[in-house]
Amino acid sequence: MKKNIFFGLIFLIFLGCAMNPALIGPPKKVYLKPFDNLTVHYSLHGILTDYTKDEFLRDSYLTVVSENDAEYIVSGEIFTYELRPISYSLDNRVESYELFIETKIRVFDKINNVQILEETILGNDIYFTKDGNSLETRSNTELEKETQDRILEYMSRDITRKVVYAKREV
């Protein structure tokens with residue numbers, strides 16, 4: 001009985017490791033190209049690139065290297081920035097907005113000379129304007145900027161997770 005439990009546990013540990021590509025082999029050597037910005041909001045690409053590079057540096061399964069030393073090249077572009085009003089006051093002022101940012105990322109495997117991932121990532125969040133929150137002291141522009149930063153930070157975490165789990169063609 002104890003022998004079966006022991007082998008069962010060993011099997012589950014082995015299966016867990018086999019299904020988790022991040023635990024197999026050394027860290028991935030990646031180069032992060034600066035993101036392209038196809039929107040009219042000029043600073044988005046720089047912020048997303050910085051947040052993503054910081055996330056890459058924090059992740060123990062990724063090593064950030066120069067383009068020449070990289071096994072993988074990560075690139076992408078921000079192609080949607082949309083601010084949608086979602087609630088109005090009785091005097092027809094916008095009380096809250098939902099902000100949408102869409103990014104496409106690509107992971108290119110330099111060793112096998114093939115693209116192994118292309119995916120669109122959507123980030124969104126809601127914020128209340130000064131008109132929608134009587135206690136708010138910041139401007140609507142500051143509130144939008146904070147929401148924008150929050151979305152880009154979440155997107156950088158999602159991008160990092162996708163790069164870690166991107167599988168190399170064998």
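This tour moves through the structure stop by stop, stating what to select and what is found there.

**Before selecting anything**

The structure is a predicted model, in which local features need pLDDT of at least 70, side-chain atom pairs count only at pLDDT 80 or more, and totals for chains, interfaces and linings use all residues. Residues are numbered from 1 along each chain as its sequence is written, and side-chain values use heavy atoms, with hydrogens and water left out.

**Stop 1: the whole chain**

Display the protein as a cartoon. Three helices and six strands are present, where helices (H or I, at least four residues) and strands (E, at least two) are DSSP runs numbered from the N terminus. Their order along the sequence is α-β-β-α-β-β-β-β-α. Of the 170 residues, 36% count as buried; buried means under 20% relative accessible area, exposed over 50%, and partly exposed in between (1.4 Å probe, protein chains only).

Now switch to a surface view. The accessible surface comes to about 10,600 Å², and 55% of it belongs to carbon and sulfur atoms. Accessible areas come from the Shrake-Rupley method with a 1.4 Å probe, and for residues only the protein chains shown count as cover. Among contacts (heavy atoms within 4.5 Å) between residues at least 6 apart in sequence, 68% join residues at least 24 apart.

**Stop 2: strand β1 and its neighbours**

Select residues 28–32, which form β1. The side chains alternate here: K28, V30 and L32 point to one face and are buried, whereas K29 and Y31 point to the other face and are not.

Add residues 62–64, strand β3, which runs parallel to β1 and is joined to it by three bridges. Two strands pair if DSSP finds at least two bridges between them. K29 has T63 as its bridge partner in β3. Next add β4, which also pairs with β1 in the parallel sense over three bridges; in this pairing V74 of β4 stands opposite L32.

**Stop 3: the nonpolar core**

Select I101 and V163, the residues with the most contacts inside the largest nonpolar core, a set of 26 residues. A nonpolar core is a set of buried Ala, Val, Leu, Ile, Met, Phe, Trp, Tyr and Cys residues joined through side-chain atoms within 4.5 Å. Elements that each supply at least two residues of this core are β1, α2 (44–58), β4 (72–88), β5 (94–109), β6 and α3 (140–165). Helix α3 gives the most, with six residues.

Which residues does V163 touch, not counting residues up to four places away in sequence? They are K28, V30, F56, L62, V74 and V107.

**Stop 4: salt bridges**

Show the charged side chains. The structure holds 13 salt bridges, each being a side-chain nitrogen of Lys or Arg within 4 Å of a carboxyl oxygen of Asp or Glu.

- Select R58 and E55 in helix α2, three residues apart, about one turn of the helix. Their closest N and O atoms are 3.0 Å apart. R58 is exposed, with a relative accessible area of 58%, whereas E55 is buried at 13%.
- Select D158 and R161 in helix α3, also three residues apart, about one turn of the helix. Their side chains meet at 3.2 Å, N to O. Salt bridges that share partners join E55, R58, E153 and R157 into one network.
- Select E118 and R106, whose closest N and O atoms are 3.1 Å apart. This pair links distant parts of the chain, with E118 in strand β6 and R106 in strand β5, 12 residues apart. E118 is partly exposed, with a relative accessible area of 45%.

**Stop 5: two loop asparagines**

Select N92, in the loop between β4 and β5. Its phi is near 70 degrees, a positive value in a residue other than glycine, and N92 is exposed, with a relative accessible area of 60%.

Then select N113, in the loop between β5 and β6. N113 likewise is not a glycine and has a positive phi, of about 55 degrees; at 60% relative accessibility, N113 counts as exposed.

**Stop 6: a nonpolar surface patch**

Finish with I86, I126 and F128, which make a nonpolar surface patch of about 270 Å². Patches are made of residues with over 30% relative accessible area and no salt bridge: like charges are joined within 9 Å, and nonpolar side chains (Val, Leu, Ile, Met, Phe, Trp, Tyr) within 5 Å. I126 lies in strand β6 (residues 114–128) and is partly exposed, with a relative accessible area of 39%.
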